[in-house]
Amino acid sequence: MARGEIDEAWIEEAVRRYRRIETLQAEFDQAVATVEVTVRSPDGLVEVVVTAGGRITDVRFLGPLHQRHPRDVANSVQAAVTAAADAAQWAREKLHNETFAAYRPLAGA
C-alpha cells in the first residue's frame, strides 16, 4: 500500500472490534451489578452479601447478639464489611478476566 492510502480493511476490522468491545463492556457492567458474593466475619457472627460493584445488598447476624459486647459486634461487622470489599474486588477482576479473555489487541496497533 502506498504512503497516504487508507487501509479500509484495517479500519473495518477496527470498527468491528470496537463494537465488540462495547458489547463486552455492557455485559461486564451488567454482571458487576448483578453478581453477588457472600462473606462472613472471622467469628461467623456477621454475613454480608455484596455485588461485584461493591454495593452491599444484605447484612445478617448469624448468632445471638444479647450476650456479646457492643465493641465485639462492631468488630465483627467491620471485619465482614472489609472482607466484602475484598470479595467485590476479586469478583470484578474475575468477571473482567472472563469477559475479556478472548480479546486481543488489534495487530499493528
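In this predicted model, T51 touches V32, A33, V35, E36, T57 and A88, leaving out residues up to four places away in sequence. T51 itself belongs to strand β2. With a relative accessible area of 3%, T51 falls under the 20% limit and therefore counts as buried.

Strand β2 spans residues 46–51 and is one of the contributors to the largest nonpolar core. In soluble globular proteins, nonpolar side chains tend to be buried together. Here, the largest such core has 19 residues, and V37, V39, V48 and L95 are the ones that touch the most other members. Who supplies the residues? At least two come from each of α1, β1 (36–40), β2 and α2. Helix α2 gives the largest share, with seven residues.

V48 deserves a second look, being one of the core residues that touch the most other members. Setting aside neighbours within four places in sequence, V48 is in contact with V37, T38, V39, I56, D58, V59, A80, V81 and A84. Two names in that list, V37 and V39, also appear among the core residues with the most contacts to other members.

V81, another partner of V48, is found in helix α2. Is V81 buried or partly exposed? Its relative accessibility is 35%, so V81 counts as partly exposed, between the limits of 20% and 50%. When neighbours within four places in sequence are left aside, V81 is in contact with V48 and I56. I56 is also on the contact list of V48. A look along the chain adds one distance: V81 and I6 are 75 residues apart in sequence, and their C-alpha atoms are separated by 54 Å.

The two helices can now be placed relative to each other. Two packed helices are described by the angle between their axes and the distance between the axes. For helix α1 (residues 8–34) and helix α2 (residues 70–99), the angle is about 155° and the axes lie 10 Å apart. Angles over 145 degrees count as roughly antiparallel, so this description fits α1 and α2. The crossing of α1 past α2 is right-handed. Which residues make the contact? On the α1 side they are L24, F28, A31 and V32, while α2 brings R92, L95, H96 and T99. Sorted by class, the contact has five nonpolar residues, two polar ones and one charged one.

Two of these residues link back to the earlier parts of the picture. V32 of α1 takes part in the helix contact and is also touched by T51. L95 of α2 takes part in the helix contact as well, and L95 is among the core residues that touch the most other members.

Terms used
Residues are numbered from 1 along each chain as its sequence is written. This is a predicted model: local features need pLDDT of at least 70, side-chain atom pairs count only at pLDDT 80 or more; totals for chains, interfaces and linings use all residues. Side-chain values use heavy atoms; hydrogens and water are left out. Axes are lines fitted to C-alpha atoms, for helices over the stretch in contact, and angles run from 0 to 180 degrees between N-to-C directions. Helices (H or I, at least four residues) and strands (E, at least two) are DSSP runs, numbered from the N terminus. Angles under 35 degrees count as roughly parallel, over 145 as roughly antiparallel, 65 to 115 as roughly perpendicular and the rest as oblique. A crossing is left-handed if the near helix is turned anticlockwise from the far one by less than a right angle, and right-handed if clockwise. Contact means heavy atoms within 4.5 Å. Ala, Val, Leu, Ile, Met, Phe, Trp, Tyr, Cys and Pro count as nonpolar, Asp, Glu, Lys and Arg as charged, and the others, Gly among them, as polar. A nonpolar core is a set of buried Ala, Val, Leu, Ile, Met, Phe, Trp, Tyr and Cys residues joined through side-chain atoms within 4.5 Å. Buried means under 20% relative accessible area, exposed over 50%, partly exposed in between (1.4 Å probe, protein chains only).
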